[in-house]
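Got your viewer ready? Load the model and keep the selection box handy.

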Amino acid sequence: MSSYTSISSEKLSRLIGTAKAPTLVDVRLDEDFAADPRLIPGAVRYSHLDVQDWASRLTGQSVVVVCQKGQKLAEGTAAWLRCSNITAEILEGGHLGWREAELPTVPADKIPKRDGRGRTVWVTRSRPKIDRIACPWLIRRFVDPAAVFLFVTSAEVEGVAERFDATPFDIENVFWSHRGELCTFDVMVKEFGLATPALERLATMVRAADTARLELSPEAPGLLAASLGLSRMFDDDLEQLSAGLLLYDAFYRWCRDATKETHNWPTSKVKP
């Protein structure tokens, strides 16, 4: 049974992918991680030995600590964090419990190298519309909540990627891009191991809107209209991204929780 210092895999899985998700800290031993080099979506690896050094980075955040079985490493790390006035829980059953529940995990080798502040850095073309908002949303919500996105002119994406050690996406001839009929969002969902029913439904919407195949999804015209509207509302790409995150939060929650709901205005009875 969960206590105020622990959280179940089921409850945590409902938080991941939302704006209210806690910060996830993976403190598994190196040998345990090497045996299963995958991460719970959004988790970052830290060593329990250095908790007093990195704890200050988490000030003001709610943290869930993950170790192999949800025992001594997680308990001790969470206790140290609470001594630093950081709200910290452990994941019941640890990483093994999460895997036994058959919940999604992200292959660590697919996550780009982090910068000196622990962030992944991505670069793409300026003036985003659909894929270049959807992909950052997916990364922020399921891969790296601290990810940085650089929007530059099309001709300079690869040069900026090289000079600033950033990962290019949604341009031709790079790993994170369209593949056949799939858009970049599709590719990220697949490569990051995130093919849940909700994200696959959302991926179909994004693909339909991004590739002008609106017949693939009844919701795609609405996504397209909202996306193009946002692009007209904002001149600043980062402001547009901030607004777009909320848009995709809403579409994701619909895909996950509300696809069977309807809204029917009650029919009024007209007197003859």
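Below is a short walk from the whole chain to its pockets.

This is a predicted model, where local features need pLDDT of at least 70 and side-chain atom pairs count only at pLDDT 80 or more, while totals for chains, interfaces and linings use all residues. Residues are numbered from 1 along each chain as its sequence is written, and side-chain values use heavy atoms, with hydrogens and water left out.

**Stop 1: everything.** Show the protein chain as a cartoon and you'll find 11 helices and 10 strands (DSSP runs numbered from the N terminus: H or I of at least four residues for helices, E of at least two for strands). Its C-alpha atoms fill a box of roughly 70 × 65 × 30 Å along the principal axes. Of the 272 residues, 47% count as buried, meaning under 20% relative accessible area with a 1.4 Å probe, protein chains only.

**Stop 2: select 18-107.** UniProt, in an unreviewed entry, puts "domain: Rhodanese" here; such annotations may be inferred rather than shown by experiment. The stretch 18-107 is 32% helix and 22% strand, with its end C-alpha atoms 20 Å apart.

**Stop 3: select Val44, Tyr46, Arg114, Gly118 and Ala146.** Of the 23 residues lining the largest pocket, these lie nearest its centre. (A pocket is an open set of points on a 1 Å grid over the protein atoms alone, where a 1.4 Å probe fits, with protein on both sides within 12 Å along at least five of seven lines; lining residues have an atom within 4 Å of a point.) The volume is about 470 Å³, counted as the space filled by probe spheres set on the points, which are joined across faces, edges and corners. Now add strand 2 (23-26) and strand 4 (44-45), each supplying at least two lining residues; strand 2 gives the most, with three. The largest pocket lies between domain 1 (4-106) and domain 2 (110-256), because both give residues to its lining; those bounds come from an automatic or database domain assignment.

**Stop 4: select Ser13, Thr196, Ala198, Tyr252 and Arg256.** Which pocket has these nearest its centre? The second largest, lined by 16 residues and holding about 300 Å³ of space. Colour helix 1 (9-15), helix 9 (197-210) and helix 11 (237-258), as each supplies at least two lining residues. Helix 9 gives the most, with four. Domain 1 and domain 2 both contribute to the lining here too, so the second largest pocket also lies between them.

Note on methods: Buried means under 20% relative accessible area, exposed over 50%, partly exposed in between (1.4 Å probe, protein chains only).
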